[in-house]
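Work through the exercises below with the sequence and the coordinates open. Try each task before reading its solution.

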Amino acid sequence: MSELKLVGISGSLRKASTNRLLLQEAARRFGEASFVEGNIRFPLFDQDLQEENGIPPEVQALADQIAEADAVIVASPEYNKGITGALKNALDWISRTEGNPWRDKPVAIVSAAAGRAGGERSQNMARLVLSPFRPRLLTGPEVTVAQTAQQWDDQGRLTNELGIKLLDELMGELRREALRMRG
Ligand SMILES: Cc1cc2nc3c(=O)[nH]c(=O)nc-3n(C[C@H](O)[C@H](O)[C@H](O)COP(=O)(O)O)c2cc1C
């Protein structure tokens, strides 16, 4: 069997994003697989733009990466109790591509945020806005990294023991689902 393909999407665009660190930690804990982080730095969705110029190449590239992946991890920060505009914009663009790359795709959502709830509300919102695409969204365990600025060591590794345990469990579930979908 060929190597499993894993794609990560961070809802935060900033260079030092802890959600990106969380994606990388999750990928390590997923185990043997190729891992790429998808780029969501897209123009703001505007239907006129799509009608005039079609789907931007960077949007198609991510849609193709998702379509070819065995599993996807979405790491969602919380901006004002919801997902980031960048993430919603990316989902809206991808929904305009041919086919539906999310259909039946094993997907795990995780979140890292400054607040005590670790982005729980953004995680709920991410679940809500991904549901129409009918992926195989894992229901748990819920991985929320609270007070995220304090949870990473100098190598960018997650230090929170409970977080590590839950992430291991969630990635185990994601791997099982990915293997099950391969048949
Ligand atoms: C516009 C904005 C809104 C935010 N709103 C929340 C919030 O509602 N809840 C929360 O826990 N943190 C909130 N934060 C703090 C983020 O959780 C924090 O910046 C976090 O590190 C973002 O994830 P990142 O490290 O991946 O960029 C907000 C930050 C920004 C910039």
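**Exercise 1: Backbone outliers**

Arg134 lies in the loop between helix H5 (120-130) and strand E5. Helices (H or I, at least four residues) and strands (E, at least two) are DSSP runs, numbered from the N terminus. The model is predicted: local features need pLDDT of at least 70, side-chain atom pairs count only at pLDDT 80 or more, and totals for chains, interfaces and linings use all residues. Residues are numbered from 1 along each chain as its sequence is written.

Task: determine the sign of phi at Arg134 and at Gln147, then state the exposure of Arg134 and of Gln147.

Solution.
- Step 1. Start with the expectation: most residues other than glycine have a negative phi, and most peptide bonds are trans.
- Step 2. Arg134 is not a glycine, yet its phi is positive, about 55 degrees.
- Step 3. Count neighbours. A residue is buried if 20 or more other C-beta atoms lie within 10 Å of its own, exposed if 12 or fewer, and partly exposed in between, with C-beta atoms placed from the backbone.
- Step 4. Arg134 has 12 other C-beta atoms within 10 Å, so it is exposed.
- Step 5. Move to Gln147, in the loop between E6 and H6. Its phi is also positive, about 40 degrees, and Gln147 is not a glycine either.
- Step 6. Gln147 has 13 other C-beta atoms within 10 Å, so it is partly exposed.

**Exercise 2: A cis bond and a helix residue**

Task: find the cis peptide bond that involves Pro141, then list the contacts of Leu170.

Solution.
- Step 1. Pro141 sits in the loop between strand E5 (136-137) and strand E6 (143-145).
- Step 2. The bond joining Gly140 and Pro141 is cis, with omega about 5 degrees.
- Step 3. Leu170 belongs to helix H6. It is buried because 22 C-beta neighbours fall inside 10 Å.
- Step 4. Two residues are in contact if their C-beta atoms, placed from the backbone, lie within 7 Å.
- Step 5. Leaving aside neighbours within four places in sequence, Leu170 contacts Ala108, Leu138, Pro141 and Val143.
- Step 6. For contrast, take Gln65. Its C-alpha atom is 21 Å from that of Leu170, and the two are 105 residues apart along the chain.

**Exercise 3: Another residue of H6**

Task: is Ala178 buried or exposed, and which residues does Ala178 touch?

Solution.
- Step 1. Locate Ala178 in helix H6 (residues 161-182).
- Step 2. It has 21 other C-beta atoms within 10 Å, so Ala178 is buried.
- Step 3. Not counting residues up to four places away in sequence, Ala178 touches Leu4, Asp70, Ala71 and Pro106.
- Step 4. Check a distance. The C-alpha atoms of Ala178 and Lys105 are 8.1 Å apart, with their positions 73 residues apart along the chain.

**Exercise 4: Strand E1 and its partners**

Task: which strands pair with E1, and over how many bridges?

Solution.
- Step 1. Two strands pair if DSSP finds at least two bridges between them.
- Step 2. E1 (residues 5-10) and E2 (residues 34-37) are parallel, over four bridges. Lys5 is bridged to Ser34, and Leu6 to Phe35.
- Step 3. E1 and E3 (residues 71-76) also run parallel, joined by five bridges. Here Val7 is bridged to Val72.
- Step 4. E1 is mostly covered, with five of its six residues buried.
- Step 5. Trace the crossover. E1, helix H1 (residues 18-30) and E2 form a right-handed β-α-β unit. Right-handed means that, with the strands pointing away from the viewer, the path from the first strand over the helix to the second runs clockwise.

**Exercise 5: The whole chain and the ligand**

Task: how many helices and strands does the protein chain have, and how many residues surround the ligand?

Solution.
- Step 1. The chain has six helices and six strands. Their order is β-α-β-α-α-β-α-β-α-β-β-α.
- Step 2. The radius of gyration is 16 Å, close to the 16 Å of the globule rule for 183 residues, so the chain is as compact as a globular protein of that length. The radius is taken over C-alpha atoms, and the rule is 2.2 Å times the number of residues to the power 0.38.
- Step 3. Buried residues account for 39% of the 183.
- Step 4. The ligand is surrounded by 16 residues, the closest being Ser12, Asn19, Pro77, Ala113 and Gly115. A residue counts as near if its C-beta atom, placed from the backbone, lies within 6 Å of the molecule.
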